[in-house]
Every structure is written in C-alpha cells, then in structure tokens.
Amino acid sequence: LPSFADERTSFHFQPERNWMNDPNGPMFYKGYYHYFYQYNPDAAVWGNITWGHSVSTDLIHWHHLELALVPDQWYDVEGVWSGSATILPDGKPVILYTGSSNESLQSQNKAVPEDLSDPLLRKWVKVSQNPMLVPPPGIGHTDFRDPTTAWLESDGLWRIAIGAKEGTTGLALVYKTSDFLNWTLQRSFLHQIAGTGMWECVDFYPVSLTGTNGLDTSKVQGNQLVKHVLKASLGSNKHDYYTIGTYSTDLKTFVADDPTRDVGLGLRYDYGKFYASKTFYDPAQERRILWGWANESDSQLDDIKKGWASVQLDIEVTFKYPDVQTLDVPLEQKECVCSQGGAAQRGVFGPFGLLVLAADDLVEQTAVYFYLTLRPNGKWMTTVCSDQSRSSLAKGIDRTVYGTSINIAPKENFLSLRLIVDHSIVETFVQQGIACITSRVYPTLAVERDAHVLLFNNGSESIAMHTLEIWQMSNA
Ligand code: DQQ
C-alpha cells in the first residue's frame, strides 16, 4: 500500500486531519485572513459538518483554531453548512450560513463574533432570532442554501443571493434587509437557467472594466465601470460555472453578456477538480481572492486510512506555436477529446507538454499537454488536457482526463503552461489563466527524489520549446 504521508499538500490549505469540503466565509479582519471550511472533526468522510477555522497573515502559513460553528441547535443539528461573511461599514463581521435541521429543513442563520477586539475571532455566537429564513413557497425544503456575502445598494438596503431550484431550473433568490435580521424576498430572481438543477454555493461580485484591482462586493454601481460575475456550483457534475454580465440595479436582475455562455452552459473556473468555490475582497491588497475545494479523487477507504516530505514545484514552460499553415496534413477525423487516450495519443502537432510526478520508468506519470487538431472547417483547434490516467499504481482512483479547448488569437505566437505541483495537487494555468485545470493525483513511486519532470512530444511534427523555468519551493 502506498504511504499517503507523501501526498499531504504543503501550501494548499488542509486541516490537520479528517474531512473538509467547501470554503466558507473567507474574510480579512484586523490584519488576519480568516478561512472557514466545511469540516468533519470526527472522520475523513463527509458528515457531522461544522465550520473549521484557521487564520493566516500571508494566505500560505496557517494557524488552526478551535471550531467556529458546531451543530448544536435544532435548526443546524444535521450540519452547519456553507455560507459567507460580510464586513459591515463599521468593520464588524457577520456570518450567514445554512443550517440543516433533523428533518433536513434548510434555513439561513446568522452568527456574530463574541469579542470584536480579538483579531482571531475565536468565538462565534448564533443569534437568538435564528432561523431567520426558511424556504419560500415553491422552493423545496432541501433546495435552499449557501447565502452569499451581502452587498449594499444605494437605497441603503443590503442584499444577499441564495441558491435554489424549481423543478430542474437552477436559480438564485435575492433577499433584502436593513438589519441582517428581518429579510424581504425580492419578487424576481437574480437569475435562473432551465435544466441546470440546484445552484449550490452561488457567488456574485463586481469586476472592474477599467482596472485590474479587485472590487468590494458592494461596489455595484457609481463612478466605477463594472460588470458582474455570477457563479453557481452544479451538483449534477460537480463543476463551478460562471458567466459575466450586467446587474441592473433598477430591475435587480442579472443578464449574461453572452446567453450561449450563461451560468451552467459555458465557462468554468476550472476544468478539473475545483468545486463549491467562494471569493472575497481583500482590502489590504485591493484584490479579489478565489478559494475552491479540490476534492480528493482516491477511494473513500484510502481517505480513511490516511487519517492524515517533498514535491513542490512551480514550472513555467512556453512553446512556439507551430507553423500549422505550411503543412499539408490530413484532416483528423476525430475531434480531440482529452479522454480519448490521453497523452498516449499520437497526432501531428502533439500531444506535447510536461510530465510531472513521473517515476523512473514512467510507470507513474501525470501529463499536462497541448494537442492541435484540424477541424472540418479548416481551422486549427488547440486543446489542453491534464491526464491522471497513469498518475498512480494505487487502486480505486479517479482516472478522468480533464481538459478543454482554448481560443488562441492568431497573433499569439506561443503556448504557455504554468504548473503548480504540491504533492497530490497539480494545478495548471494555460496562457496566463485563460483556462485552469486542477487535478488530484496519488503517486506511490514518483515521490520525493523519485519524482521527475520531463518534456514530451508524441506528435509526428517537432515542437520548439521557447522558455522553461522550474522553481523548487520549500515547505510552507
Ligand atoms: N456543501 C455544503 C452545502 C453545499 C454543498 C454541505 C456544496 O451547503 O451546498 O457540506 O459542496
């Protein structure tokens, strides 16, 4: 059996032991980044869900604190589920979260810090008015969860969005309040898309059209030109889908810029393992930070054995975009779907890219690669994939090959990959982030000094590497 000690991540956040899932209520308070998360204190499987709590000054080194919220009330006894934090204008933080009762009724609840002078905010108090919100008519009692960070509008009222579904239509409800205790349901939904099912962990925030800094969630209008991002986590396939559009402060609804790429239909934050994500605005560095859950893809039995060293690399490679036009190549009939053979396919241009966590004789290897195919319309399509199918000799592991096609503008002469390797996580950023793929891998041989990095090209045409930088990182 493999030793799982080598697979514990170093600079990706993990609790000391046991199960974690969604990120919850991230915020910055009195010099500390606070990170809460869905946590089972008793086992390495989902259940007994509480809010774990850790703090950091740099988002890399974490100090684990006592549990922030535990299931101790009738309305959350089946679990203190996901939610968000809002920092009020007077600097006070408020947490809103979903409770699941012993009858599986989902409700929205509020908790506040016991002692605002404690920058670590160790103790949280559930207010006596809980539960504040139960599902409105038409929404099932298990289809009403994961309140967003609140945003303040010019009418002086705060608003939150809550994920729900009606039939198979996924949607986001909006409630408004002046005091975070009494809430009014807005008649129109923020947004809805037929066929997408339950919207979990909705996130809704402005992005600037004029600068690269992040924006406070309440920056919904004003001098700054903004668009909004709306994200929903779809339980049906465990992916986080987002779209960019306009929030009408008159109608209080959101309209996607491109209806063909609306929530659940097009863009994903990440094409691998990345779910139930949540952003927060970091006022210290004027940026918006996105946290996601890179769920494990080994067996539940292995998770239990791990109960819970060093391969930490930051690699950046660029290739010259091959001169595809001058070649007379046969039309490739099949569309390049990553899952058709993964990196072991043979094409004309590719697969080519990197092997990481590769054992001496390559019996274990995780491949991240590009593959170019000529489409029937005469255009070349660039696909990028992360292939876990040969990543581990261990049994019971998810071996999906993840990937997506990307749009390469004709003027882009290079293809770039940045890989962050952290024991059992391989994160891929393509063309500076035009697409992201997160994979979980569990090598048994390719660990420590036996884990190698290689460049490869399985295509018949040569590919020119342009730059390569590899950084070995120390333990966090
Ligand atoms: N996880 C939480 C729910 C949420 C789901 C329960 C998403 O609140 O909808 O652990 O992973």
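**Core, domains and ligand shell**

Let me begin with the core: of the 103 residues in the largest nonpolar core, the ones that touch the most other members are Ala161, Ala172 and Leu419. A nonpolar core here is a set of buried Ala, Val, Leu, Ile, Met, Phe, Trp, Tyr and Cys residues joined through C-beta atoms within 7 Å, where buried means that 20 or more other C-beta atoms, placed from the backbone, lie within 10 Å of a residue's own. Strand β22 (residues 349-358) gives this core its largest share, 7 residues, strands being DSSP runs of E, at least two residues long, numbered from the N terminus. The core also draws at least three residues from each of domain 1 (13-293) and domain 2 (307-472), with bounds that come from an automatic or database domain assignment.

I should say that this is a predicted model, in which local features need pLDDT of at least 70, side-chain atom pairs count only at pLDDT 80 or more, and totals for chains, interfaces and linings use all residues. Residues are numbered from 1 along each chain as its sequence is written.

Turning to the two domains, their C-alpha centres lie 33 Å apart, and their contact takes 9 residues from domain 1 and 12 residues from domain 2, contact meaning C-beta atoms, placed from the backbone, within 7 Å.

Finally, which residues are closest to the ligand? Among the 13 that surround the ligand, they are Gln38, Trp81, Ser82, Glu200 and Ala276, a residue being near if its C-beta atom, placed from the backbone, lies within 6 Å. Strands β1 (19-29), β5 (79-87) and β15 (199-208) each supply at least two residues of this shell.

Methods. Two residues are in contact if their C-beta atoms, placed from the backbone, lie within 7 Å. Helices (H or I, at least four residues) and strands (E, at least two) are DSSP runs, numbered from the N terminus. A residue is buried if 20 or more other C-beta atoms lie within 10 Å of its own, exposed if 12 or fewer, and partly exposed in between; C-beta atoms are placed from the backbone.
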